Amino acid sequence: MKLNQEELKQILAGKFIGHHLHYYEEIGSTNDEAFRLGLAGAPEGTVLIADRQTAGRGRMQRSWHSPDETNIYNSIILRPEIELAKAPQISILAGVAVAEVLNDYCPDKVKLKWPNDVLIDRKKVCGILPQVKTSANAVNFIVLGIGINVNINNNQFPDEIRDLATSLVIETGNEISRLELIISLYENLTKWYKQLLKKGFGSIREKWLSLTPMIGQTVQVMFYEETVSGQAIGLDEDGSLILLTEE
Ligand code: BTN
């Protein structure tokens, strides 16, 4: 079934995130279109939601599997007045907000992997793709692209990710209302975003640390051109993972 865009618009009218809602039955990538709208001056809190993406994008130039009417594909435009160095805080914040909401469906099972992969039993249930438009040394706007595997079954994943991905229906055995999940997600994102703007990064950092099993573990961090390994010992004020390496 398609998302009921009229109902969504009604419920989100006047809300900080979602007051401007663009719904698409099909789109290339909600992130690409959100970036275009951001450049054209779309207000903070504008959201784009699609029932399917034909060119869904993931991090590290990967694609994001986006079949019809099963999952959540959405992008949110934020315009925080922060310096560029603090932009990764928003990315960490998004992971925290998603993980907290998904834990309502799968109590205590949802974990975070730096910077913001959302996992259940080490399998990915949600991916987040932040894109920042800068102006001088500050943030002009941020597009937060969030893809959540909701009602997709294991046999609908492509072979290459079948063992690496999961969904809420796989984990709970119950079909989940995407509409209700979107509403809860936007409420929770709003809560953490306002917290960040008013009180800073501290409690987001604490929450992230409470949701990750990485601290104390030896991990490998992949960049485009190198991989660094070391023991994860903390999360820095700017959202960086702190690694203890041999050097
Ligand atoms: C990742 O690789 O972990 C990030 C995946 C992000 C996927 C979402 S789905 C909605 C938005 N539009 C895109 O093209 N990508 C993001």
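The residues of the shell around the ligand divide into five nonpolar, 11 polar and four charged. The model in which this shell appears is a predicted one. There are 20 residues around the ligand, and those that come nearest are S29, Q53, R57, R59 and K124. Several of these names return later in the text.

Three contacts show how the protein meets oxygen atoms of the ligand. In S29, a polar side-chain atom lies 2.7 Å from an oxygen atom of the ligand. In R57, the atom concerned is a backbone N or O atom, which lies 2.7 Å from an oxygen atom of the ligand. R59 also uses its backbone: one of its polar backbone atoms is 2.7 Å from an oxygen atom of the ligand. The protein buries 98% of the 410 Å² that the ligand exposes when taken alone. Four elements give two or more residues to the shell: helix α2 (30-39) and the β elements β3 (72-78), β6 (123-135) and β7 (138-148). Of the elements, β6 gives the most, with four residues.

The charged side chains can be followed next. The count of salt bridges in the model comes to 14. One of them joins D32 and R57, whose closest N and O atoms are 2.7 Å apart. D32 belongs to helix α2, while R57 is in the loop between β2 (46-50) and β3, so this pair ties together parts that are 25 residues apart in sequence. D32 has a relative accessible area of 29% and is therefore partly exposed. R57 is at 33% relative accessibility, so R57 also counts as partly exposed. R57 thus has two roles in this account: its backbone lies 2.7 Å from an oxygen atom of the ligand, and R57 forms a salt bridge with D32.

A second salt bridge involves R59, whose side chain meets that of D117 at 3.9 Å, N to O. D117 lies in strand β5 (residues 117-120) and R59 in the loop between β2 and β3, so the pair ties together parts that are 58 residues apart in sequence. Is D117 buried or exposed? At 6% relative accessibility D117 counts as buried, because the cut-off for that word is under 20%. R59, at 28% relative accessibility, counts as partly exposed.

D117 has another partner. The side chains of D117 and K124 meet in a salt bridge of 2.9 Å, N to O. K124 is partly exposed, with a relative accessible area of 24%. The side chain of N149 reaches the backbone oxygen of K124 at 3.5 Å. N149 itself is in the loop between β7 and α4 (159-162). Its relative accessibility is 4%, so N149 counts as buried.

Elsewhere in the chain, a network of salt bridges links K2, E26, R52, D68 and E69. Polar contacts between side chains can also be found at E100, which has its place in helix α3 (residues 87-105). The side chain of E100 makes a polar contact of 3.1 Å with the side chain of K191. A polar contact of 2.9 Å joins E100 to the side chain of W192.

Helix α1 can be read from its start to what follows it. At the start of α1, a side-chain oxygen of N4 reaches to within 3.2 Å of the backbone nitrogen of E6. Q5 lies in this helix, which covers residues 5-12. Q5 has a relative accessible area of 25% and is partly exposed. How many residues along the chain lie between the positions of Q5 and R162, and what distance separates their C-alpha atoms? They are 157 residues apart along the chain, and their C-alpha atoms are separated by 30 Å. G14 follows α1, and its phi is positive, near 80°.

The last stop is on the surface. I233, I242 and L244 form a nonpolar patch there, and together they have about 250 Å² of accessible area. I233 is found in strand β9 (residues 227-235), and I242 in strand β10 (residues 241-244). I233 is partly exposed, with a relative accessible area of 43%. For I242, which is partly exposed too, the relative accessible area is 32%. I233 can also be placed against L93: the two are 140 residues apart along the chain, and their C-alpha atoms are separated by 19 Å.

How values were computed
Residues are numbered from 1 along each chain as its sequence is written. This is a predicted model: local features need pLDDT of at least 70, side-chain atom pairs count only at pLDDT 80 or more; totals for chains, interfaces and linings use all residues. Side-chain values use heavy atoms; hydrogens and water are left out. A residue is near a molecule or strand if one of its heavy atoms lies within 4 Å of it. A polar contact is a pair of N or O atoms within 3.5 Å; within protein, one must be able to donate a hydrogen and the other to accept it, and residues adjacent in sequence count only if both atoms are side-chain atoms. Accessible areas come from the Shrake-Rupley method with a 1.4 Å probe; for residues, only the protein chains shown count as cover. Ala, Val, Leu, Ile, Met, Phe, Trp, Tyr, Cys and Pro count as nonpolar, Asp, Glu, Lys and Arg as charged, and the others, Gly among them, as polar. Patches are made of residues with over 30% relative accessible area and no salt bridge: like charges are joined within 9 Å, nonpolar side chains (Val, Leu, Ile, Met, Phe, Trp, Tyr) within 5 Å. A salt bridge is a side-chain nitrogen of Lys or Arg within 4 Å of a carboxyl oxygen of Asp or Glu. Buried means under 20% relative accessible area, exposed over 50%, partly exposed in between (1.4 Å probe, protein chains only).
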